[in-house]
Amino acid sequence: MKRVLVTGAASGLGAALTAAFRARGDEVLATDRVAADGIDLVLDITSDADWAAARTAVEERWGGLDVLVNNAGVAGGGRIELCSMDDWRWITEINLFGVVRGVQTFTPMLKAQGSGHIVNVASLAGLVHPGGMGSYNAVKAAVVAFTETCGHELAGFGIKASAVCPSYFRTNLMDSMQGQDEAIGAVITGLVENSKVTADDIAAAVLAGMDAGDDVIVPDEAARQAYFLKWADRAAYDDVMRHQAARLEGMS
């Protein structure tokens with residue numbers, strides 16, 4: 001039995017991960033930005049005070065933590081000239097700094113106990129970088145890089161770190177979409193709504209990747225194919241990415 005904290009647990013992948021952990025007998029502290037059914041603790045990942053309260057709650061409930069899942073995040077993007085600096089700050093504060101705050105909050109506890117697993121949910125966008133998604137690509141790539149750094153830095157303390165990089169799957173992430181580039185919003189919405197992959201599918205693959213000790217968990221076939229193409233045939237990958245970017249211009 002593991003002691004697990006999950007952020008963004010009210011819906012989507014967070015809810016699926018919470019259910020998957022509990023189904024195998026783990027205890028989960030389910031957190032989200034707002035109170036909702038099934039949420040144990042309100043945690044706004046941009047709030048230092050909320051993270052401190054989460055640490056206190058874990059200490060009082062369990063006295064330690066085995067798995068920290070930084071899952072909460074938002075959707076955003078837009079072509080270079082259509083993504084404002086306010087949009088950049090918004091998505092960075094949530095998708096990157098929210099992860100950093102969580103890791104910084106619990107690293108002393110994990111070091112003291114000499115064990116733990118940090119799981120940061122990034123995206124295929126952290127590995128493969130299509131046009132129209134500069135801000136989202138950048139923050140998710142930063143999450144991947146930060147997670148790798150955590151893995152190196154904390155390995156000597158018995159702590160594992162994994163980055164999760166799924167492609168598009170059916171979720172309510174698009175409810176959080178912000179930005180003025182309507183073309184990219186329409187494209188991403190279509191990809192999410194037409195995906196045959198569910199949050200439950202991704203959650204099951206995440207747990208399997210954790211159990212296997214994977215540093216980077218690429219949990220679905222579409223993501224694996226896209227990532228393989230990038231390193232196996234860079235010219236073909238560039239052609240695909242640039243064709244997609246040109247299509248965005250045609251939609252304007």
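Begin by selecting helix 6, residues 199-212. At 1.5 Å a residue, its 14 residues should span 20 Å, and the end C-alpha atoms are indeed 20 Å apart, so expectation and model agree. The model in the viewer is a predicted one.

**Helix 6 and its surroundings**

Within helix 6, highlight A199, I202, A203, V206, L207, G209 and M210, which are its buried residues. Looking down the axis of helix 6, one finds these buried residues within an arc of 160 degrees, so they line one face of the helix. Next, display the elements that cover the buried residues of helix 6; they include helix 1 (12-23), strand 4 (67-70), strand 5 (116-121), strand 6 (159-164) and strand 7 (216-217). Then turn to the other side of helix 6, where D200, D211 and A212 are exposed. Just after the helix, select G213, which takes a positive phi of about 80 degrees.

**Helix 2**

Move now to helix 2, residues 48-61. Its 14 residues should span 20 Å at 1.5 Å a residue, and the distance between its end C-alpha atoms, 20 Å, agrees with this. The buried residues to select in helix 2 are W51, A54 and V58. Seen down the axis of helix 2, they fall within an arc of 55 degrees and therefore line one face of the helix. Strand 1 (3-6), strand 2 (27-32), strand 3 (41-42), strand 4 and helix 3 are included in what covers the buried residues of helix 2. On the face turned away from the buried side of helix 2, look for the exposed residues A49 and E60.

T56 also belongs to helix 2; with a relative accessible area of 34%, T56 is partly exposed. Draw a distance from the C-alpha atom of T56 to that of R89: the two are separated by 29 Å, while the residues lie 33 residues apart along the chain. After helix 2 comes G63, whose phi is positive, near 80 degrees.

**Salt bridges**

The structure holds 11 salt bridges. Select R101 and E93 to view one of them, in which the closest N and O atoms are 2.7 Å apart. E93 counts as partly exposed because its relative accessibility is 26%. Salt bridges that share partners join R24, D26 and D211 into one network.

Within that network, zoom to D26 and R24, whose salt bridge has its closest N and O atoms 3.1 Å apart. D26 counts as buried at 8% relative accessibility, whereas R24 is partly exposed, with a relative accessible area of 36%.

Continue to R79 and E249, which form a salt bridge with the closest N and O atoms 3.3 Å apart. This pair links distant parts of the chain: R79 lies in the loop between strand 4 and helix 3 (85-113), E249 in helix 8 (residues 234-251), and the two are 170 residues apart. R79 has 9% relative accessibility and so counts as buried; E249, at 47%, counts as partly exposed.

**A nonpolar surface patch**

For the last stop, select Y227, F228 and W231, and show the surface. These residues make a nonpolar surface patch of about 370 Å². Y227 is found in helix 7, residues 221-232, and counts as partly exposed at 33% relative accessibility.

Terms used. Residues numbered from 1 in each chain as written. Predicted model: local features only at pLDDT ≥ 70, side-chain atom pairs only at ≥ 80, totals over all residues. Heavy atoms only, no water. Patch = residues over 30% accessible without salt bridge, like charges linked within 9 Å, V, L, I, M, F, W, Y side chains within 5 Å. Areas by Shrake-Rupley, 256 points an atom, 1.4 Å probe, with all protein chains shown as cover. Salt bridge = Lys/Arg side-chain N within 4 Å of Asp/Glu carboxyl O. Helix = DSSP H or I, 4+ residues; strand = E, 2+ residues; numbered from the N terminus. Buried < 20%, exposed > 50% of the residue type's maximum accessible area, 1.4 Å probe, protein only. Expected span 1.5 Å × (residues − 1). Arc of directions from axis to C-beta. Contact = heavy atoms within 4.5 Å.
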